[in-house]
Amino acid sequence: MLYRFAPLHALGRAADSARRARFGDQAAVATYLIDRNINYTNVCTTACRFCAFYRAPGHEEGWVRDTDEILRRCGEAQALGATQIMLQGGHHPDFGVEYYENVFSAIKADFPDLVLHSLGASEVEHMSKISGVTIEEAITRIKAAGLDSFAGAGAEILVERPRTAIAPLKESGERWLEVMEIAHGLGVESTATFMMGTGETNAERIEHLRMIRDVQDRTGGFRSFIPWTYQPENNHLKGRTQASLVEYLRMVAVARLFFDNITHLQGSWLTVGKEVGQLTLHMGADDLGSVMLEENVVSSAGAKHRSNRAELIHLIRTAGRVPAQRNTAYEILTVHDDPAEDPVDDGVVSHYSSWADERLALVEVNGA
Ligand code: SF4
């Protein structure tokens, strides 16, 4: 009822009030992060209908990025001030637990200070099948190799009917939550996401929130909730109507009110644009997410927004909040409380490098 009928301004005001009550004397602050999303392969057996990033095994445009290239990108990210690496990729038919152990331990050996906030329940489900091990063993091993926390990707929409329609080969929403619950029990925290606007009903949107909230009541392992909007280009879900920006803002506000048990709520400037991202700070959000030195997955489906650190700081400040850089665990690293001390344009820009970059050392997997 709130989601559908509450006046937008009243809804935002209630959500903002809940945010201020939760953060107390820190309520003036809104945060951002510097990270890089590094894709290790676009080869995937799961063929989600909304995905513009993957290529089927054997496809001539399939690639695997070698470990040296991943390390080079980590080094670049660290030099630009990134604190976090988000490794994301397809469900490659050959990549079991061993692959991830090797990549994570190589990164941690060279860059012990970079936080590996990577993969998610879908990748764990996939690698455990490839290696023939339990979910518990897979998580324990990749954690030992260097994984710090799971990203919340792969949640899409957890409710069975719309999930089956857009990702028929992906694990069920219940299974996604089960894997996350196991991870939380093993000390690996995560975020939770929601890709809205692929044809789900309003009731299914709220059901998605309920499913996450019930798990959070048991584990407390979801650090934040990150709703974003489906991007409609270059994929197999033709003709779907995206969630409108007003629906998105209403979702942000309802999420703040509904998730009494999840501390942080992130606005997605990448998918809804910088101005709407800024508005989320008045609808209950306390965080604008990452500068994203690199992002290819959502961008390949049409997300065209770009930004940089100076601009995110400006957006937060002109929304009436004090900008602060955080780390993966939402600890404040730097408070930008004096505009005169703001970092100048220093190359900390989104999409610093793209997958089309000719410098990439790609290993063709087709027949290789
Ligand atoms: S969303 Fe992930 S699992 Fe689905 S097709 Fe794309 S890369 Fe594969």
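I first looked up Ala47, which lies in the loop between strand S2 (35–39) and strand S3 (63–65). The model I am reading is a predicted one. I noted that the phi of Ala47 is near 50°, a positive value in a residue other than glycine. I then checked its accessibility: Ala47 counts as partly exposed because its relative accessibility is 29%, and the buried class requires under 20%.

I next turned to the ligand, since Ala47 is one of the residues surrounding it. I listed the others in the shell as Cys44, Thr46, Cys48, Phe50, Cys51, Tyr54, Gly90, His91 and Lys170. By class, I recorded 6 nonpolar, 3 polar and 1 charged residue around the ligand.

I also looked up Leu119, located in the loop between strand S5 (115–118) and helix H5 (121–131). Its phi is near 55°, again a positive value in a residue other than glycine. Leu119 is buried, because its relative accessible area is 2% and the limit for that class is under 20%.

Finally, I examined a helix pair. Helix H2 (residues 8–23) and helix H10 (residues 245–258) pack at an angle of about 40°, and I entered 8 Å as the distance between their axes. I recorded the crossing of H2 and H10 as left-handed. On the H2 side, the contact involves Leu8, Leu11, Gly12, Ala14, Ala15, Ala18, Arg19, Arg22 and Phe23. On the H10 side, I found Val246, Arg250, Ala253, Val254, Arg256 and Leu257. The residues of this contact between H2 and H10 divide into 10 nonpolar, 1 polar and 4 charged.

Technical notes
Residues numbered from 1 in each chain as written. Predicted model: local features only at pLDDT ≥ 70, side-chain atom pairs only at ≥ 80, totals over all residues. Heavy atoms only, no water. Near = heavy atom within 4 Å. Nonpolar A, V, L, I, M, F, W, Y, C, P; charged D, E, K, R; others polar. Axes fitted to C-alpha atoms, helices over the stretch in contact; angles between N-to-C directions. Helix = DSSP H or I, 4+ residues; strand = E, 2+ residues; numbered from the N terminus. Left-handed = near helix turned anticlockwise from the far one by under 90°. Contact = heavy atoms within 4.5 Å. Buried < 20%, exposed > 50% of the residue type's maximum accessible area, 1.4 Å probe, protein only.
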